[in-house]
Amino acid sequence: MIKKFLLSSLIVLCSITIVSAQSKTKETNKLEDPDNLASQYFSQVMGVAVDATSNIKLYKFIYEWIGTPYRFGGNTKKGIDCSAFTKAIYDKVFNTTILRNSRDIFSMVNPLPKDELREGDLVFFKIKSNSITHIGIYLGDNRFAHASSSRGVVISNLNEPYYSRYFYKGGRILDSVKKDLIEE
């Protein structure tokens, strides 16, 4: 009886040791994966959950522009406005050409409520106006990147009182628009 107990205890201990070693190996592999490291870094810097940072190219592009001053009509790192910033993201990250003006860009999207937004979708605002006056790109966890007229290129939260007050709709570029752009 004691032999059976010792043998079963030994088997359990070996099993636990093997499982523990396997999980440590998986964690080590995860930490050594460059894409995972980049996801972890950008999620910390931009305040977005790691599992929401699937498009490393998007986060790298935004990171390179953070702090660029706002300039109405601008489209360089010396100064950029919100629609030019969004257009640049779509050109460089998604290989999609969109229009230059936030109101015109809205005509290219399928409107969405806030709770249906996904990484890469657009967010539109009507700031002290009856028409769309501001645009940004959704990152996840209610965070979005945009060129703010007061702070330049930043990441903000849709739940901040200011943005919550003026949020109009989200939008996802229509598939038909993407097809038209590819065919041209």
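Strand S7 is tucked away in this predicted model: six of its six residues are buried, so the strand is largely enclosed by the rest of the structure. S7 covers residues 152-157 and runs antiparallel to S6, with six bridges joining the two. Getting from S6 to S7 takes a hairpin of three residues. Two of the pairings are worth picking out. Ala145 has Ile155 as its bridge partner in S7, while Phe144 sits opposite Ser156.

S6 itself, residues 143-148, tells a similar story. Six of its six residues are buried, so S6 too is largely enclosed by the rest of the structure. In a regular strand, side chains alternate between the two faces of the sheet. Here, Arg143, Ala145 and Ala147 point one way from S6, and Phe144, His146 and Ser148 point the other way. Both sets are buried, Arg143 and His146 included.

On to the other partner of S6, which is S5, spanning residues 134-140. S5 and S6 also run antiparallel, and three bridges hold the pairing together. Gly140 stands opposite Arg143 of S6. The link between S5 and S6 is a hairpin with two residues in between, and Asp141 in that turn has a positive phi of about 55°. S6 is thus paired with S5 through three bridges and with S7 through six.

Phe144 gives a good view of the surroundings of S6, the strand in which it is found. With a relative accessible area of 0%, Phe144 is buried, since the cut-off for that label is under 20%. Leaving aside residues up to four places away in sequence, Phe144 touches a long list of others. Among them are Gly136, Ile137, Tyr138 and Leu139, which fall within the S5 range of 134-140. Val154, Ile155, Ser156 and Asn157 are also on the list, and these belong to the 152-157 stretch of S7. The remaining contacts of Phe144 are Val123, Phe125, Leu158 and Tyr163. The C-alpha atom of Phe144 is 9.4 Å from that of Asp121, a residue 23 positions away along the chain.

Turning to the helices, H4 (residues 82-92) is mostly hidden as well. Eight of its eleven residues are buried, so H4 is largely enclosed by the rest of the structure. The buried ones are Cys82, Ser83, Ala84, Phe85, Thr86, Ala88, Ile89 and Tyr90.

H4 packs against H3, residues 56-65: the two axes come within 10 Å and cross at roughly 140°. That angle makes H3 oblique to H4. The crossing of H3 past H4 is right-handed. On the H3 side, the contact is made by Lys57, Leu58, Phe61, Ile62 and Trp65, and on the H4 side by Phe85, Ala88, Ile89 and Lys92. Sorted by class, that gives seven nonpolar residues, two charged ones and no polar ones. Phe85, Ala88 and Ile89 of H4 thus take part in the contact with H3 and are also among the buried residues of H4.

Stepping back to the whole protein, there are seven helices and eight strands. Buried residues account for 40% of the 184 in total. Of the contacts with a separation of 6 or more, 49% come from residues 24 or more positions apart.

Key: Residues are numbered from 1 along each chain as its sequence is written. This is a predicted model: local features need pLDDT of at least 70, side-chain atom pairs count only at pLDDT 80 or more; totals for chains, interfaces and linings use all residues. Side-chain values use heavy atoms; hydrogens and water are left out. Buried means under 20% relative accessible area, exposed over 50%, partly exposed in between (1.4 Å probe, protein chains only). Helices (H or I, at least four residues) and strands (E, at least two) are DSSP runs, numbered from the N terminus. Two strands pair if DSSP finds at least two bridges between them. Axes are lines fitted to C-alpha atoms, for helices over the stretch in contact, and angles run from 0 to 180 degrees between N-to-C directions. Angles under 35 degrees count as roughly parallel, over 145 as roughly antiparallel, 65 to 115 as roughly perpendicular and the rest as oblique. A crossing is left-handed if the near helix is turned anticlockwise from the far one by less than a right angle, and right-handed if clockwise. Contact means heavy atoms within 4.5 Å. Ala, Val, Leu, Ile, Met, Phe, Trp, Tyr, Cys and Pro count as nonpolar, Asp, Glu, Lys and Arg as charged, and the others, Gly among them, as polar.
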